[in-house]
Amino acid sequence: MKNFLTALLLTSTILFSEEQIPITINDYGLIFIKVKVNDESGTFLLDTGGGAHVLSNNFFNKIKGETDEAGFYTGFRHNGERIDTKVYTANSISVGSLNQIEPKIGMYPPLDQYGIDGILSLMIFKNTAFTIDFMNLQVILETDESLFELEKLSEIHPILFDSERDLVLDMFIKICLNDSVSLLAEFDTGAGFETFLLNKFYADKFNLPLDSLNNTNCKISLCGSETISNNKKSATVKDDLIYEGLIGSGLFKNSKLTIDIPNKRILVSK
């Protein structure tokens, strides 16, 4: 009986302990993580604004024989640029122990120019809350138990999603400008720390010229938060932005950011 209880305790510890996965973050704030597609490993950009999983041409050629064509997709970048791509089904895509079976993937040759094997999107985290720990350079796969503990220590804010054909998933957070105007901004870790793009619709409210090269400092905060803000962040008005706004991860770079897609929320803690 004693041995049985010991084994049960060890099993419970394994099941209920969150998993920590190392990441690297470059000077621009781009997050890189080890990813396995089928049996091939690579370094991917963790991109909450990427929408779908995308492979470079070089990496795709390594697994091409183990994929099946799964249709065609037309998407748009934040600036309205149209991207047409074939869609493929891989056997699996995994980060640590988190495994997505038969994921849909695209291929984007320009990634080869940047030495990036691929883009990891939010699709793999649809059913699993995860934390980006910017200070300790790790992604944490949360459990129900660890989430319960995080709730006691965190600011909690709602998030919204844009999902299409079980292929694309983007997330949006409510951003307040100068304590007066709120807008729904795509949250895009693939834009690094400093990026904040503003739709021309809001230009009149801040007397900003419609010039994508003109930067104006303003106070930017997470709506409903008294602590998550940047008083002198550069806002760039973009004439062709297809969202109300787009923001990188700089607001959270000194925090732990938990993205809980199943419960449509983020949790921010130190």
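## Salt bridges in the structure

How many salt bridges does a search of the whole structure find? The search finds seven. The structure is a predicted model, and three of its side-chain pairs are described below.

## Lys86 and Glu69

One salt bridge is formed by the side chains of Lys86 and Glu69, with a distance of 3.7 Å from N to O. This pair links distant parts of the chain, 17 residues apart. Lys86 belongs to strand β6, which covers residues 82-89, while Glu69 belongs to strand β5, which covers residues 68-76.

The relative accessible area of Lys86 is 42%, and this residue is partly exposed. Glu69 has a relative accessible area of 59% and is exposed.

## Lys253 and Glu194

Another salt bridge brings together the side chains of Lys253 and Glu194, also described by an N to O distance of 3.7 Å. Lys253 is found in the loop between β20 (245-247) and β21 (256-260), and Glu194 in the loop between β16 (181-187) and β17 (196-199), so the salt bridge ties together parts of the sequence that are 59 residues apart.

Lys253 has a relative accessibility of 31% and therefore counts as partly exposed.

## Asp260, Arg265 and their network

The side chains of Asp260 and Arg265 also meet in a salt bridge, at 2.7 Å from N to O. Are these two residues buried or exposed? Both Asp260 and Arg265 are buried.

This pair is part of a network: Glu151, Asp260 and Arg265 are joined into one by salt bridges that share partners.

Technical notes:
Residues are numbered from 1 along each chain as its sequence is written. This is a predicted model: local features need pLDDT of at least 70, side-chain atom pairs count only at pLDDT 80 or more; totals for chains, interfaces and linings use all residues. Side-chain values use heavy atoms; hydrogens and water are left out. A salt bridge is a side-chain nitrogen of Lys or Arg within 4 Å of a carboxyl oxygen of Asp or Glu. Helices (H or I, at least four residues) and strands (E, at least two) are DSSP runs, numbered from the N terminus. Buried means under 20% relative accessible area, exposed over 50%, partly exposed in between (1.4 Å probe, protein chains only).
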